Amino acid sequence: MIKAAVMGYGTIGSGVVEVLDINREGIAKRAGDGIEVKYVLDLRDFPGEPIADKVIHDYQTIVNDPEVQIVVETMGGVEPAYTFVKAMLEAGKHVTTSNKALVADKGAELIALAKEKQVNFLFEASVGGGIPIIRPLNSSLTADEIEEITGILNGTTNYMMTKMMGDGSEFEDVLKDAQAKGYAEKDPTADIEGYDACRKIAILTSLACGQQVDYTDIHTEGITKISALDMKYAKQMGRAIKLLASSKKTEEGYAAMVAPFLLSPEHPLYNVNDVFNAVFVRGNVLGDAMFYGSGAGKLPTASAVVADMVDIAKHLKRNISVDWSSKKLDLVDFGSIEHAFFVRTSSEKERITEVFGDVEFVEIADCSGEIGFITGTMAEKVFAENAAKLNVLSVIRMGK
């Protein structure tokens, strides 16, 4: 029997324990041995629950127990998760985590430490919840040069965009609805400002290029400025607004960003709705591929964590190579990235064409005092310089 420990008994941690119990026989068959949770590390006690006698409050108990071979980290945040995970790896224990903040910030370092100690640090659940995307990038797609990764990587914001599009609701109303349904946190900042998606695309880009991509270098915009009126314009254009996290390989290097985009029905992510996530990958040999499924939630995310545990159980004596060095990758200057833009402005048509040249005007009913138009393709820097000459009310980039 393989002994494991779970650090953090919140939504995901309790889900891991539940999945290990529900699928006990199948997991043992695939892992080659049963997996049993010996410790649950948490600040709280859980009287009356099945794991009550396994709860501990000091991570050193796990560090100093040679019987524990696999450790699950589902605490969230960089600290104290980093301190705990580092101690586990240094003690020769394998670790899997669902913590995107930890992986984005300390991934390269922890991967290197795991290799040094001949153990494993896996993190499938840190991106896309239950969607398998880390393992395909790390193993199945290694024959390809990854040219693009574009994803809907946050279920909360995707639910909100879908709801606004369908109901014509305003942002604040939909946010309250998402919070009431448990899709959005009490403090939803990480989701609605795009920070969560930013960390995830940083992780995926780091794996694609094999170098450290700092999430702080990625231009990030959230959905807080999207209004019901923007949705009306989107419907008029036959498009949908989605928060995309994107990384593309150009002649100058990798260009990455997070922002709302207006997608046409031909775009592979157009029909990804509600709390679902999807990742579009383009390889120079493979061509186009899509990974779609439940991007969050207790059991889907826990399923990905347990899949890592099974993978570790198969490699208890061998390090699974992950190509992600600490050498920093300098991203392409954001100002040089090119898009077409949809703009709402209170400026006159004559002034618009004077500034932007030929544009495509978009008109909707019951919208006096403003004009909507689509620009040609241009660099972000050029657009910003031109937009400063108008009274701009809203800007959303056009997806291809």
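Two strands count as paired if DSSP finds at least two bridges between them. The views below show a predicted model.

**Figure 1. The open sheet of six strands.** With parallel pairing throughout, the six strands follow the order 3-2-1-4-5-6. Strand 3 (55-56) and strand 6 (121-122) are the edge strands, each of them pairing on one side only. Strand 1 (residues 2-7) and strand 2 (residues 35-41) run parallel and are joined by six bridges. Within this pair, I2 has I35 of strand 2 opposite to it. Strands of a sheet pair through backbone hydrogen bonds, in either a parallel or an antiparallel manner.

**Figure 2. Helix 12 lying across strands of the sheet.** The strands that helix 12 lies across are strand 1, strand 2, strand 4 (68-73), strand 5 (94-97) and strand 6. Relative to strand 5, helix 12 runs at about 160°.

**Figure 3. The packing of helix 1 against helix 12.** The axes of helix 1 and helix 12 are 8 Å apart and form an angle of about 65°. Their crossing is right-handed. Helix 1 contributes T11, I12, S14, G15, V16, E18, V19 and L20 to the contact, while helix 12 contributes K298, L299, T301, A302, S303, V305, V306 and M309. Sorted by class, the residues of this contact between helix 1 and helix 12 are nine nonpolar, five polar and two charged.

**Figure 4. The packing of helix 2 against helix 12.** Helix 2 (residues 24-31) meets helix 12 (residues 298-314) at an angle of about 35°, and 8 Å separates the two axes. On the side of helix 2, the residues in contact are I27, R30 and A31; their counterparts in helix 12 are V306, V310, A313 and K314. Five nonpolar and two charged residues make up the contact of helix 2 with helix 12, which has no polar residues.

**Figure 5. The largest pocket and its lining.** This pocket holds about 1,200 Å³ of space. Of the 46 residues that line the largest pocket, T11, I12, K100, E185 and D196 lie nearest its centre. Two or more lining residues come from each of helix 1 (11-22), helix 5 (100-117), helix 7 (155-167), helix 9 (189-192) and helix 10 (195-209). The lining of the largest pocket comprises 17 nonpolar, 21 polar and eight charged residues.

**Figure 6. The second largest pocket and its lining.** The volume of this pocket is about 770 Å³. Its lining has 31 residues, and those closest to the centre are E148, K248, E338, H339 and K400. At least two lining residues are supplied by each of strand 7 (146-152), strand 9 (240-250), strand 10 (253-263), strand 11 (276-283) and strand 13 (338-339). With six residues, strand 9 gives the most to this lining. By class, the lining of the second largest pocket has twelve nonpolar, nine polar and ten charged residues.

**Figure 7. The hairpin of strand 11 and strand 12.** Three residues form the connection by which the hairpin joins strand 11 to strand 12. The two strands run antiparallel, and eight bridges join strand 11 to strand 12 (residues 287-294). N277 stands opposite G293, a residue of strand 12. Strand 11 also supplies at least two residues of the lining of the second largest pocket.

**Figure 8. Backbone geometry at P80 and Q118.** Most peptide bonds are trans, and most residues other than glycine have a negative phi. The peptide bond from E79 to P80 is cis, and its omega is near 5°. P80 is placed in the loop between strand 4 and helix 4 (81-90). Q118, although not a glycine, has a positive phi of about 55°. The loop between helix 5 and strand 6 contains Q118.

Notes
Residues numbered from 1 in each chain as written. Predicted model: local features only at pLDDT ≥ 70, side-chain atom pairs only at ≥ 80, totals over all residues. Heavy atoms only, no water. 1 Å grid on protein atoms, 1.4 Å probe; cavity = no way out; pocket = protein on both sides within 12 Å on 5 of 7 lines; lining within 4 Å. Points joined across faces, edges and corners; volume = space filled by probe spheres on them. Helix = DSSP H or I, 4+ residues; strand = E, 2+ residues; numbered from the N terminus. Nonpolar A, V, L, I, M, F, W, Y, C, P; charged D, E, K, R; others polar. Axes fitted to C-alpha atoms, helices over the stretch in contact; angles between N-to-C directions. Contact = heavy atoms within 4.5 Å. Left-handed = near helix turned anticlockwise from the far one by under 90°.
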